[in-house]
Amino acid sequence: MADNIARVFADAIATDPTRPLLTWYDDATGDRTELSGVTLANWVAKTANLLVDEVGLAPGTPAGVLLPPHWQTAAVLLACWSAKLSVVDTPGDVGVLFAAADQFDEAQSWSADERYALGLAPLAAPLRQVPPGFADYVVEVRGHGDHFTPQSGPGPTDAHLLGRAEARATELGILPGARVLIDAARHPDPVDWLLAPLTRAATVVLCANQDPARLADRLTTERVTHPVR
């Protein structure tokens with residue numbers, strides 16, 4: 001079993017970096033974003049460079065991520081793990097905090113050296129108004145390098161998370177190379193919607209506010225081989 005999330009991610013996209021790796025839908029807004037492996041890797045690299053070069057975070061530094069399932073959340077999480085940070089979900093002192101626009105109040109209970117706000121808008125549009133004490137993630141990240149080389153070896157939580165992901169992939173019936181449809185509301189844990197598929201080199205169609213009336217068509221148009229229950 002692999003114990004390095006950055007390596008698992010790299011291996012998942014190595015065979016065909018141009019295939020759709022993560023396709024995001026929000027049936028409430030009509031938003032659809034499709035990222036190939038190489039495109040998601042670019043967002044991950046830029047975010048990791050932001051964390052290491054600009055914020056100056058060292059391996060093992062705790063990072064807070066107050067974000068729902070979303071393609072930008074995937075980029076943030078994979079970048080944190082690539083930089084060997086420890087992603088935490090309990091309020092406390094962290095080196096960096098990423099928060100969605102609807103979780104700014106909750107973010108006040110965290111003590112963070114740097115804070116980034118995410119509007120999670122279609123086409124990665126910037127926030128119209130950035131709250132005091134935050135920087136706009138999509139604005140700040142764009143200026144950073146397109147390549148990032150992780151330090152060798154696993155991060156502090158990699159083995160534990162990948163162990164859980166391997167187990168969940170089995171429980172959810174995710175086969176190697178599958179194209180899976182995942183309901184974000186039913187599977188909000190990134191171990192389910194992000195890491196478990198990556199351990200199987202599977203591709204993901206992640207849907208928020210899933211409309212049952214659109215399900216049959218989506219299974220066909222997205223060539224889904226396994227809707228996760």
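Start with how the chain connects to itself: among contacts with a separation of 6 or more, 69% are between residues 24 or more positions apart. Keep in mind that this is a predicted model, so every value here is computed from predicted atoms. As for secondary structure, you'll find eight helices and ten strands in the chain.

Now for the overall dimensions. A compact globule of 229 residues would be expected to have a radius of gyration near 17 Å, and since the chain comes out at 17 Å, the two agree. Lay the C-alpha trace along its principal axes and the spans are about 45 × 40 × 30 Å. Of the 229 residues, 53% count as buried. The accessible surface adds up to about 10300 Å², with carbon and sulfur atoms contributing 51% of that. On the charge side, there are 28 negative side chains and 17 positive ones, and the centres of these two sets sit 7 Å apart.

With that picture in place, let's zoom in on R179. This arginine is part of strand 8, which covers residues 179–183. Is R179 buried or exposed? Its relative accessible area is 10%, and because the cut-off for buried is under 20%, R179 counts as buried. What does its side chain make a polar contact with? The partner is the side chain of T23, at 2.9 Å. Setting aside neighbours within four places in sequence, R179 also has a longer list of contacts, including P20, E34 and the run T203, V204 and V205. Also on that list are E222, R223, V224, T225 and H226.

Next stop is helix 6, which runs over residues 158–171 and holds L161. L161 has 13% relative accessibility, so by the under-20% criterion this leucine is buried. Which residues does L161 touch, once those up to four places away in sequence are left out? They are I5, W81, V191 and L195. To place L161 relative to a residue we've already met, take T203: the two are 42 residues apart in sequence, and their C-alpha atoms are 19 Å apart in space.

Right beside it in the numbering is L162, also located in helix 6. L162 is buried too, with a relative accessibility of 1%. For another distance across the model, go from L162 to Q210: that pair is separated by 48 residues in sequence and by 27 Å in space, C-alpha to C-alpha.

How values were computed: Residues are numbered from 1 along each chain as its sequence is written. This is a predicted model: local features need pLDDT of at least 70, side-chain atom pairs count only at pLDDT 80 or more; totals for chains, interfaces and linings use all residues. Side-chain values use heavy atoms; hydrogens and water are left out. Helices (H or I, at least four residues) and strands (E, at least two) are DSSP runs, numbered from the N terminus. The radius of gyration is taken over C-alpha atoms; the globule rule is 2.2 Å times the number of residues to the power 0.38. Buried means under 20% relative accessible area, exposed over 50%, partly exposed in between (1.4 Å probe, protein chains only). Contact means heavy atoms within 4.5 Å. Accessible areas come from the Shrake-Rupley method with a 1.4 Å probe; for residues, only the protein chains shown count as cover. Lys and Arg count as positive and Asp and Glu as negative; His and the chain ends are not counted. The place of a charge is taken as NZ of Lys, CZ of Arg, CG of Asp or CD of Glu. A polar contact is a pair of N or O atoms within 3.5 Å; within protein, one must be able to donate a hydrogen and the other to accept it, and residues adjacent in sequence count only if both atoms are side-chain atoms.
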